[in-house]
Amino acid sequence: MEQNKFSKHIDIMNIEIADPFWSKEIELIKNEVVPYQYDALHDRIEGAEKSHAIENFVKAGKIADKLKNGEAVPVYPADKWHYHDGNAHPDAFHGWVFQDSDVYKWLEAVGYILSCHPDGELKSKADEVIRLVCSAQLENGYLDTLYIINNRDEIFSNLKDFHELYCFGHLAEAAVGYYKSTGDKMLLDAACRFADLICQTFGEDKIKGYGGHEIAEMALVKLYDVTGKREYLDTAKFLIDERGKKPYYYDIVLGKETVDDNYHYNQAHCQPKNQHEAVGHAVRGVYLYSGMADVAKRFGDEELYTACKKLIDNIINQKMYITGGIGSTVDGEAFSFNYDLPNDLAYSETCASIGLIFFARRMLEIEPDAKIADTIERALYNTVLSGMAQDGKSFFYVNPLEVLPEASHKDSRKRHIRPVRQKWFGCACCPPNLARLISSIGEYCFTENENTFFVHQFIGSKVNSDKATLEIISSYTDNGKVKFKINPKEKFILAVRIPSWCDNYKFSHSCEVKDGYAYFEIENEVVIDAEFEIKVKMIKCSNKVRANVDKAAVTRGPFVYCIEQADNDKNLQMLKISKNPEFELDGDSVIAKGCREKEIDDLYSEWSETEAEEVKIRLIPYYKWGNRGENEMSVYIRI
Ligand SMILES: [Zn+2]
């Protein structure tokens, strides 16, 4: 691990986004998603499954008050994942065990939005929510409404299945985001009080457990970075080092003997430093790997970093869809075995691609690697964006690469594949996660180390870094052109990623090209023009992926394309694209030559070439699919 390669990302307060593509998405988050989610958290959306998230904080606040006054409080069972009118007392906790996290994700997104769009009304709404959250905190710092409302005696008793450390993680992430964006410390103080309790509770000679849904690890590192409190970093390391040790903590709690490898779902089957293949629940996985990279960097832990490198290589080279989606099986919302990437059964949760972006940026902070920056781009422009409708009003949780609506309705194996986006989910992890990522997108574009400023993503912005002020004027998604107006504060090196999809590029100034980055020596004020030639390309998938043999995907720049029934009629499997299709552009659609096979009525007949007629196939960017009602969609097309 070469410390001189270590970088830091640029904080949101030092980035102002002005981009023809992304500013619209940020506006959608601000104008549609955030107000909608505020109403959803308050159960004000008619016809939507209730969230109960705010209601739980109100209930917990009352209990916390009573406890402070020494009054008796009731006890309800805390033994389920989901509490609803059918299985919970009206005064008890309602919703999923991780419901608090939706409130925190909303607050985090609001913080980021306030950093660039001051809005008094939104700020006072957020502050009111923060006061409510803080009112629920117990005197010892504990803050998870399920256990506060239902049973204080069972706090931290089921770390594997329940989500106290997960909710803490989201609280801390929100608190740091809100503090950095607004300077307000109230939520940060609450997160620190809960963190202090966690540091007192977990460690050598204390509870040697760790959360079943990771995030506390990276969240504690964030708190450490902001507060400088060493215990937070040490506890993050403890949670990682302890994970997967045998006998398993989870078995000890259950009074079970540890016999075989277990707990792959929670990435607790072995110690993280020995994990070399991404397994288990995909979101949990990438959240853990993010925390591992954070800890590896801050401790200079070579062994842990080697594991991180093997994990990200395994994801990128064997377990990732062309869309940047990960977690290919619904069974456990998990990574499957290598090269098992079915299109029509994909899980590919929006949150998992978001987590992959978190992990990838942390890896870039340890060592710049164009392939990893490419992965951020792939996930961002495809699966992450596909998670939200064009009007910002509905969302995908699952992002398949092939959809047949009839199968979604009639085949229970494909019930998780929704052919249209949903307005809100009772289990609503993805929409608020999307909101917090897109509203802080600048933090994923640049890193800087002692002498170099890296541009990993080409999003129009003004950046104030240690080395320079930079204005980036980008029409990257349109024509691959990016202009860098640089006003240096000192002599430095500007490193610009060359996207892996680009065969021809030119820069207005001389540079050294090395490992996927172009390096420019900057001494004086300068304007550098970059042009990355964007071509429509047909992409071949490894023939180890059975689903894609003799098929191709079409890409243009960072975008993966797909075909939809709305443009190409139903039975997309009967379409074939020509080997040399002479692509034409029509707006952001791509038109390709191909043919459509005639339907064969006989279920079986002696083999002969199937008759086909020439057709023009229209492809649209994958992130735009599903915006025209229920219809078939496919990313891969037969050749
Ligand atoms: Zn999700």
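The legends below describe an overall view and several close-up views of a predicted model.

Residues are numbered from 1 along each chain as its sequence is written. The model is predicted, and local features need pLDDT of at least 70, side-chain atom pairs count only at pLDDT 80 or more, and totals for chains, interfaces and linings use all residues.

**Figure 1. Overall view of the protein, with 18 helices and 24 strands.** Helices (H or I, at least four residues) and strands (E, at least two) are DSSP runs, numbered from the N terminus. The radius of gyration is 25 Å, close to the 26 Å that the globule rule gives for 639 residues, so the protein is as compact as a globular protein of that length. This radius is taken over C-alpha atoms, and the rule is 2.2 Å times the number of residues to the power 0.38. Along the principal axes, the C-alpha atoms fill a box of roughly 80 × 70 × 55 Å. Of the 639 residues, 51% count as buried. A residue is buried if 20 or more other C-beta atoms lie within 10 Å of its own, exposed if 12 or fewer, and partly exposed in between, with C-beta atoms placed from the backbone. Among contacts with a separation of 6 or more, 69% join residues 24 or more positions apart. Two residues are in contact if their C-beta atoms, placed from the backbone, lie within 7 Å.

**Figure 2. Domains of the protein.** The assignment gives domain 1 (49-261), domain 2 (271-442), domain 3 (445-531) and domain 4 (536-600 + 608-638). These bounds come from an automatic or database domain assignment. The centres of domain 3 and domain 4, taken over C-alpha atoms, are separated by 34 Å.

**Figure 3. Close-up of the largest nonpolar core around Cys308.** A nonpolar core is a set of buried Ala, Val, Leu, Ile, Met, Phe, Trp, Tyr and Cys residues joined through C-beta atoms within 7 Å. The largest one holds 201 residues, of which Leu107 and Cys308 touch the most other members. Helix α13 (residues 350-366) gives the most to this core, with eleven residues. Leaving aside neighbours within four places in sequence, Cys308 is in contact with Tyr289, Met292, Ala293, Ala296 and Met363.

**Figure 4. Close-up of the open six-strand sheet and strand β11.** The strand order is β1-β6-β7-β11-β14-β13, with mixed pairing. β1 (8-9) and β13 (512-514) stand at the edges, each with a single partner strand, so one side of each is left without a neighbour in the sheet. Two strands pair if DSSP finds at least two bridges between them. Strand β7 (residues 452-455) pairs with β11 in the parallel sense over four bridges. Thr452 has Ile493 of β11 as its bridge partner, and Phe453 has Leu494. β11 and strand β14 (residues 517-522) pair in the antiparallel sense over six bridges, and the partner of Leu494 in β14 is Phe520. Five of the six residues of β11 (residues 492-497) are buried.

**Figure 5. Close-up of helix α16 (residues 430-438).** Nine of its nine residues are buried, so α16 is largely enclosed by the rest of the structure. What covers them includes α1 (22-41), α3 (100-116), α13 and α14 (370-386). Arg436 and Asn433 are among the buried residues of α16.

**Figure 6. Close-up of helix α8 (residues 216-227).** At 1.5 Å a residue, the twelve residues of α8 should span 16 Å, and the end C-alpha atoms are 16 Å apart, which agrees. The expected span of a helix is 1.5 Å times one less than its number of residues. Nine of the twelve residues are buried, including Glu217 and Lys222. The buried residues of α8 pack against α6 (164-182), α7 (186-201), α9 (230-242) and α11 (282-299). Just after α8, Gly228 takes a positive phi of about 75°.

**Figure 7. Close-up of Leu188 in helix α7.** Leu188 has 23 C-beta neighbours inside 10 Å and therefore counts as buried. Leaving aside neighbours within four places in sequence, Leu188 is in contact with Ala175, Val176 and Tyr179. The C-alpha atoms of Leu188 and Ala174, 14 residues apart along the chain, are separated by 8.3 Å.
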